[in-house]
Every structure is written in structure tokens, then in C-alpha cells.
Amino acid sequence: KYLAQNPNNFRNAFSSMMRTSVMMYIHAVQSWFWNEWVSRRLASKPLEAIVGDMVAVGSICDEIDEKGNEPAEKDVEEIKQETSSPSNESAHLPEIHFVTEDDVAKKKYTIFDVVMTVPGCDPKLEYPKIGGALTKESLMAEINNQGLQSLFDPMCDMAKQYHFFGTYRKIVQSLKDFKLNVKTYESPLEVLIETDLSKIKKRDTGATASNV
């Protein structure tokens with residue numbers, strides 16, 4: 001609607017949308033690059049760490065916490081205060097160790113230790129150093145080829161508002177402390193997992209029966 005009245009004014013068109021919608025679009029772009037780079041990395045040696053891989057020293061603070069929860073929405077005043085204050089986003093980045101030939105010889109790390117960069121504006125973000133295909137220079141060139149260099153520029157003033165500073169994510173996760181159930185069924189329409197809607201209906205049915 002905004003672009004119909006203001007053709008080519010994409011910056012203000014984004015600003016006219018809900019903040020959460022804009023964040024979803026930008027984070028989708030970040031995830032697309034991450035998936036592309038991880039697919040390329042795993043195509044070479046998918047089961048072991050190699051020279052130039054990155055390993056996080058310490059914990060990784062991502063946009064989504066361990067329970068899968070998105071950060072709480074902030075009101076307009078909080079956003080204004082953030083955008084007017086100096087950035088301290090680099091504080092959430094762990095120290096990065098680049099796998100060496102000695103590390104590989106000693107089998108010090110496995111594929112479960114390796115992380116890949118989620119691109120963003122933080123100038124302290126590190127990138128892998130693997131040959132010519134997975135280096136900071138080559139990955140930045142890919143971003144530039146997509147016309148997104150200004151989006152991930154350290155001077156981008158949209159980063160505070162839409163939170164796309166970048167981070168690291170492990171390229172392979174190992175399952176821990178999980179449970180599973182094996183269920184048999186005869187009909188493809190049979191409900192195997194109770195949904196929130198079915199729980200509400202069950203609760204409402206019970207409340208109605210108790211009032212009769």
C-alpha cells in the first residue's frame with residue numbers, strides 16, 4: 001500500500017510495516033545465507049572438523065533461547081532509547097577459535113563443535129577460513145552479489161530496531177535428554193499429537209459437563 005503511493009521508497013515502506021514482520025523478513029535472509037554456507041561446508045567433510053572451521057569458546061547467545069522462545073517485544077520508547085545509545089551487541093559474541101592442523105591431528109574437535117556465522121552488522125563477527133570458498137572475503141562477495149551489502153554494513157542504522165547484528169550457530173546439533181513414543185494408527189486422519197485446540201475443546205467440554 002505504501003509503495004503504491006511512494007514508488008521505490010523501500011526504506012520507508014519497511015518502516016510502515018509491523019516491526020515483527022520486518023524482523024521476520026531480515027532474519028529469513030540471514031538464515032538463507034547460513035543454510036547455504038552450512039550446506040557447502042558439509043558437502044566437503046560432513047563428519048569431522050577441518051582446518052579453518054570455527055569453534056565457539058563459551059556459550060552462544062542467539063535470538064532464540066534454549067527453550068525456543070523469541071525475545072520479548074519492546075515498546076516504542078525502549079527502541080528509541082536503544083537506537084540513541086552506543087551499541088554493545090558485541091558483548092554477546094563468544095570468542096572464536098579457528099581449527100588448526102594440530103587440532104585436526106589430535107582430533108580435538110568434532111563436527112558437533114563447529115559453528116557457522118549468521119551474517120549481521122556486528123563488525124566483530126568472524127567467518128570461517130576454509131580455502132577460497134568459505135572465507136570472509138568470498139562470503140561477503142556473495143552478500144554483495146545479492147545487493148545486500150548496505151543491510152549488513154556495520155554503520156546500518158536499522159540494526160538496533162530490527163535486531164540483526166549476527167551471531168553463530170552450531171552446524172550440527174546432537175540430541176540430549178529427549179524422550180520418544182512409538183504410536184500405532186490405522187487411519188491417516190487419526191490425531192497422534194494433542195494440539196492446543198484439542199486441549200481447549202477438552203477443557204471446555206469438561207467445564208460444560210461439570211455445570212450440568
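This is a short walk through a predicted model, from its sheet to its helices and core and then to a few backbone details.

Let us begin with the sheet. Four strands make up an open sheet, arranged in the order 2-1-3-4 with antiparallel pairing. Strand 2 (95-98) and strand 4 stand at the edges with a single partner strand each, so one side of each has no neighbour in the sheet. From one strand to the next, the twist averages 55°. As a reminder, strands of a sheet pair through backbone hydrogen bonds, in either a parallel or an antiparallel way.

Strand 1 (residues 54-57) is a good place to look at the pairing in detail. Strand 1 joins strand 2 in the antiparallel sense over four bridges, and it pairs with strand 3, again in the antiparallel sense, over two bridges. Valine 55 lets you see both connections: its bridge partner in strand 2 is histidine 97, while its bridge partner in strand 3 is valine 114.

Now turn to helix 3 (19-44). Helix 3 lies across strand 3 and strand 4, and runs at about 145° to strand 3. Does its length fit its residue count, and what would one expect? At 1.5 Å a residue, the 26 residues of helix 3 should span 38 Å, and its end C-alpha atoms are 39 Å apart, which agrees. The buried residues of this helix include Val22, Met23, Ile26, Phe33, Trp34, Trp37 and Val38, and also polar or charged ones, among them Arg19, His27, Gln30 and Arg41.Helix 3 also leads us to the largest nonpolar core, which has 39 residues. Trp37, Ile96, Tyr162, Phe164, Tyr168 and Ile171 touch the most other members of this core. Two or more residues are given to it by each of helix 3, strand 1, strand 2, strand 3, helix 6 and helix 7 (159-162). Helix 3 provides the largest share, seven residues. Tryptophan 37 deserves a closer look: leaving aside residues up to four places away in sequence, it touches Met116, Thr117, Pro119, Tyr127, Leu134, Leu139, Glu142 and Ile143.

Two of those contacts, Leu139 and Ile143, take us to helix 6 (residues 136-145), where the buried residues are Ser138, Leu139 and Ile143. Viewed down the axis of helix 6, these buried residues fall within an arc of 145°, so they line one face of the helix. An α-helix has 3.6 residues a turn, so residues three or four places apart point the same way. The buried residues of helix 6 pack against helix 3, whereas Glu137 and Asn145, on the other side of helix 6, are exposed. Just after this helix comes glycine 147, with a positive phi of about 75°.

That brings us to the backbone. Most residues other than glycine have a negative phi, which makes two loop residues worth finding in the model. Lysine 107 is not a glycine, yet it has a positive phi of about 50°. Look for lysine 107 in the loop between helix 5 (101-105) and strand 3 (114-118); its relative accessibility of 72% makes it count as exposed. Aspartate 177, also a residue other than glycine, has a positive phi near 50°. Aspartate 177 sits in the loop between strand 4 (167-170) and helix 8 (196-211), and it is exposed, with a relative accessible area of 85%.

Key
Residues numbered from 1 in each chain as written. Predicted model: local features only at pLDDT ≥ 70, side-chain atom pairs only at ≥ 80, totals over all residues. Heavy atoms only, no water. Buried < 20%, exposed > 50% of the residue type's maximum accessible area, 1.4 Å probe, protein only. Arc of directions from axis to C-beta. Contact = heavy atoms within 4.5 Å. Pairing = 2+ DSSP bridges. Axes fitted to C-alpha atoms, helices over the stretch in contact; angles between N-to-C directions. Expected span 1.5 Å × (residues − 1). Core = buried A, V, L, I, M, F, W, Y, C linked by side-chain atoms within 4.5 Å.
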